[in-house]
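These are my notes from a session of looking things up in one structure. I kept the entries short.

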Amino acid sequence: MSGMTAVAAEPFQLKRDNGDLAAGVQALEKQLKRVTLDTVLAKANRVAARKGATGAGAFGTMRPRPVDWYCFDADDNAVRDWYPQGLTCSSDAGAGAGTYVVSWYFKPETGAERGVRLSFLDTAALRYRHVLLVRARADGDIAPIDIHAGGVAWYGGLLYVADTSRGMRVFDTRHIFEVDGDDKTTIGRKGGVHNAFGYRYVMPQTGAWTPTSGGARFSFAAIDRTTATDTLISGEYLDGPGGRVARWPLNADGTLRADDGVASALDAYRLPEARIQGALSHDGTWYLSQAAGATRNGSLIVVGDTVRKRPYPVGPEDLTCVRDKKTLWSVTEFAGRRVIYGVPL
């Protein structure tokens, strides 16, 4: 197994593609109450368990076990319509440790599309809450966003959500709205009231970065705060060899550094193995989470001066890091074995 090999970064060039997103957010601002992320966390309505037993089944044969982990409640651990994929944390955002964000995509056996939700976990309170991601129209109506959401990265106030063939969608933690309806079966505005499948809070898309050419995939997302300029990371999950990963410089306000609306990748690399679900670089070392199906333990591939494989749980996904604690974190996806967990960098 070789390390990371530099490849052409041009396929990962992105263009700003905001369209009428701002008009939709402005319309929603006039119709619904905007709330802070602190309010969402203060009103978190689900209970997490630290080092709980329900998620420990994901560890399988992994030895040693993670140094820390958090379990979802019984319903979220068991649900088969929603699957956790992406993970980021307040350390990525530059706001210290203590808050995690998990992206889930909806994969129903039957029923209408519900899109993507984010779970905001307050580890001090051991409480979390789901927020539904939506597209807001210029008339103030809302609709779900049907993407895989394989990765999420938080920088400043912005959240980047990976959209497999269409680059990165952008959401703003300063634009969260409280809906005024409670119908659990519908979404949208009707009779002057907004519903969102029973979710109390929605976060409308505020921006988008789409590829200038085809061929690149966006399967995960992360933040590197140790590069000369902080960078956004994304790359490709492939069942076979040939996957790539790229990094883009970030501005202080969280936006991608762009020239005339075009953001060029700082660099790109060939991944050393297939089935990479998450990639993070930190202090010159790459960390790659590798899946091995629903029943076998995955691997953590560490690429520095040498390449090593470390034990990892079943179903590992996106990666994030808590810098002051020198820990690397991920989330597992399979029902009955879902856990947010940390290992030493």
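**Strand pairing and one serine**

I began with a cross-strand pair: Ala222 stands opposite Ile233, which belongs to strand 20. I note here that the model is predicted.

I then looked up the strands around that pair. Strand 19 and strand 20 (residues 231-235) run antiparallel and are joined by five bridges. I followed the pairing outward and found an open sheet of five strands, in the order 1-23-21-20-19, with antiparallel pairing. Strand 1 (5-6) and strand 19 (220-224) stand at the edges; each has a single partner strand, so one side of each is left without a neighbour in the sheet.

**Ser281**

Next I looked up Ser281, which I found in strand 24 (residues 276-282). Is Ser281 buried or exposed? Its relative accessible area is 1%, and the cut-off for buried is under 20%, so Ser281 counts as buried.

I listed what Ser281 touches. Leaving aside neighbours within four places in sequence, Ser281 is in contact with Ile223, Asp224, Ile233, Arg247 and Trp286. Ile233 is also the residue I had noted opposite Ala222.

Which side chains make polar contacts with the side chain of Ser281? I found one to the side chain of Asp224, at 2.6 Å. I found another to the side chain of Arg247, at 3.1 Å.

I also checked Ser281 against Val303. The two are 22 residues apart in sequence, and their C-alpha atoms are 9.2 Å apart in space.

**A hairpin**

I turned to strand 26 (residues 297-303) and strand 27 (residues 307-314), which pair in the antiparallel sense over six bridges. How many residues lie between strand 26 and strand 27 in the hairpin they form? I counted three residues there. Within this pairing I noted Ile301, which stands opposite Lys309 in strand 27.

**The largest pocket**

Last, I looked for empty space. Rolling a probe the size of a water molecule over the atoms shows where such space is left. The largest pocket holds about 380 Å³ of space. It is lined by 17 residues, and the closest to its centre are Arg46, Arg117, His130, Phe197 and Tyr199.

I asked which elements supply at least two residues of the lining. Helix 3 (74-78) and strand 10 (127-136) each do so. I sorted the lining of the largest pocket by class and got nine charged, five nonpolar and three polar residues.

Technical notes: Residues numbered from 1 in each chain as written. Predicted model: local features only at pLDDT ≥ 70, side-chain atom pairs only at ≥ 80, totals over all residues. Heavy atoms only, no water. Helix = DSSP H or I, 4+ residues; strand = E, 2+ residues; numbered from the N terminus. Buried < 20%, exposed > 50% of the residue type's maximum accessible area, 1.4 Å probe, protein only. Contact = heavy atoms within 4.5 Å. Polar contact = N/O pair within 3.5 Å; in protein donor to acceptor, adjacent residues only side chain to side chain. 1 Å grid on protein atoms, 1.4 Å probe; cavity = no way out; pocket = protein on both sides within 12 Å on 5 of 7 lines; lining within 4 Å. Points joined across faces, edges and corners; volume = space filled by probe spheres on them. Nonpolar A, V, L, I, M, F, W, Y, C, P; charged D, E, K, R; others polar. Pairing = 2+ DSSP bridges.
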